[in-house]
Amino acid sequence: MQCHYDVLGVSKSATNDEIKSAYRKLCMETHPDVAGTQSQNADKFKRISEAYSILGNQKERKRYDFERSETGIAELRKRAAAAARGGNTGGSGSFASALPRNLLIGGVIGFTGVTLIRMLLPAKEEEDGAWASKTGHKKLVEAWKNPKSGLWETPKPWDPEYQRLQPALQLVPRDKVHDPKR
């Protein structure tokens, strides 16, 4: 693969202005709208645009130069070899490789702590005997008032009376709802 500097025809020590002028000159020669629709020009224009997108950006250019240098290639090979062995890649890689394990340990410790606190601290009981939720409010359930019995009941779609009436459901404290299962 051809080096981006060679594609633009500039030296590795070229300034941003030199890179920009070389890019504009080559664009005028190879742009499909100017030079015609030959596939050779279109491919060359794509390579020129890619080279300028990297060399025209200071951060990308530094990264490109580092990767192309001998020390950069050696460093990339070391990292790749360490990753293939499943070992520590050094630097921030050690934290990143341990991150899933740390999240798992933190999650287990957090879940265990919450479970222990819930076991040790019982829920509050109101004066009327209804158990309060963690927010301090009585637990509410959806129910409908049966006109025959006058009692609040949980919805039972298979109940013929419920099917016939199709009543609107309301939120009612759980202790007010008549449920033969409880």
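These exercises walk through a predicted model, each with a worked solution.

Residues are numbered from 1 along each chain as its sequence is written. Local features need pLDDT of at least 70 and side-chain atom pairs count only at pLDDT 80 or more, while totals for chains, interfaces and linings use all residues; side-chain values use heavy atoms, with hydrogens and water left out.

**Exercise 1. The overall plan**

Task: State how many helices and strands the chain has, and give their order.

Solution.
Step 1. Fix the terms: helices (H or I, at least four residues) and strands (E, at least two) are DSSP runs, numbered from the N terminus.
Step 2. Count them: the chain has 8 helices and 4 strands.
Step 3. Read from the N terminus: the order is α-α-α-α-α-α-α-β-β-α-β-β.

**Exercise 2. Cover and contacts**

Task: Find what share of the 182 residues is buried, and what share of contacts joins residues 24 or more positions apart.

Solution.
Step 1. Buried means under 20% relative accessible area, exposed over 50%, and partly exposed in between (1.4 Å probe, protein chains only).
Step 2. Buried residues make up 20% of the 182 residues.
Step 3. A contact means heavy atoms within 4.5 Å.
Step 4. Take the contacts with a separation of 6 or more: residues 24 or more positions apart account for 44% of them.
Step 5. Turn to the surface. The chain exposes about 13800 Å², and carbon and sulfur atoms supply 57% of it. Such accessible areas come from the Shrake-Rupley method with a 1.4 Å probe; for residues, only the protein chains shown count as cover.

**Exercise 3. His 4 and the core**

Task: Place His 4, decide whether it is buried or exposed, and name what it touches. Then describe the largest nonpolar core.

Solution.
Step 1. His 4 lies in helix α1, residues 4-8.
Step 2. His 4 counts as buried, because its relative accessibility is 4%.
Step 3. Set aside residues up to four places away in sequence. His 4 then touches Glu 50, Ala 51, Ile 54, Leu 55 and Tyr 64.
Step 4. Check a backbone distance: the C-alpha atoms of His 4 and Tyr 52 are separated by 7.8 Å, with their positions 48 residues apart along the chain.
Step 5. Define the core: a set of buried Ala, Val, Leu, Ile, Met, Phe, Trp, Tyr and Cys residues joined through side-chain atoms within 4.5 Å.
Step 6. The largest nonpolar core has 17 residues. Those with the most contacts inside it are Tyr 5, Leu 8, Val 10, Ile 19, Ile 48, Leu 55 and Tyr 64.
Step 7. Helices α1, α2 (16-30) and α4 (39-55) each supply at least two residues of this core.
Step 8. Follow Leu 55. Beyond its neighbours within four places in sequence, Leu 55 contacts His 4, Tyr 5, Leu 8, Asn 16, Ile 19, Arg 61 and Tyr 64.

**Exercise 4. The sheet**

Task: Give the strand order and find which strands stand at the edges.

Solution.
Step 1. Two strands pair if DSSP finds at least two bridges between them.
Step 2. The 4 strands form an open sheet in the order β3-β1-β2-β4, with mixed pairing.
Step 3. Strands β3 (170-173) and β4 (177-178) stand at the edges. Each has a single partner strand, so one side of each is left without a neighbour in the sheet.
Step 4. Look at one pair: β1 (residues 140-145) and β3 run in the antiparallel sense over 4 bridges. Here Ala 143 stands opposite Gln 170 in β3.

**Exercise 5. Salt bridges**

Task: Say how many salt bridges the whole structure holds, and trace the network through Arg 63.

Solution.
Step 1. A salt bridge is a side-chain nitrogen of Lys or Arg within 4 Å of a carboxyl oxygen of Asp or Glu.
Step 2. The search finds 4.
Step 3. Glu 60 meets Arg 63 at 2.7 Å, N to O. They are 3 residues apart in helix α5 (residues 58-68), so about one helical turn separates them.
Step 4. Glu 67 also bridges to Arg 63, with the closest N and O atoms 3.1 Å apart.
Step 5. Join the links: Glu 60, Arg 63 and Glu 67 form a network of salt bridges.
Step 6. Compare helix α8 (residues 160-165), where Glu 161 and Arg 164 are 3 residues apart. Their closest N and O atoms are 2.8 Å apart. Glu 161 is buried at 13%, whereas Arg 164 is exposed at 57%.
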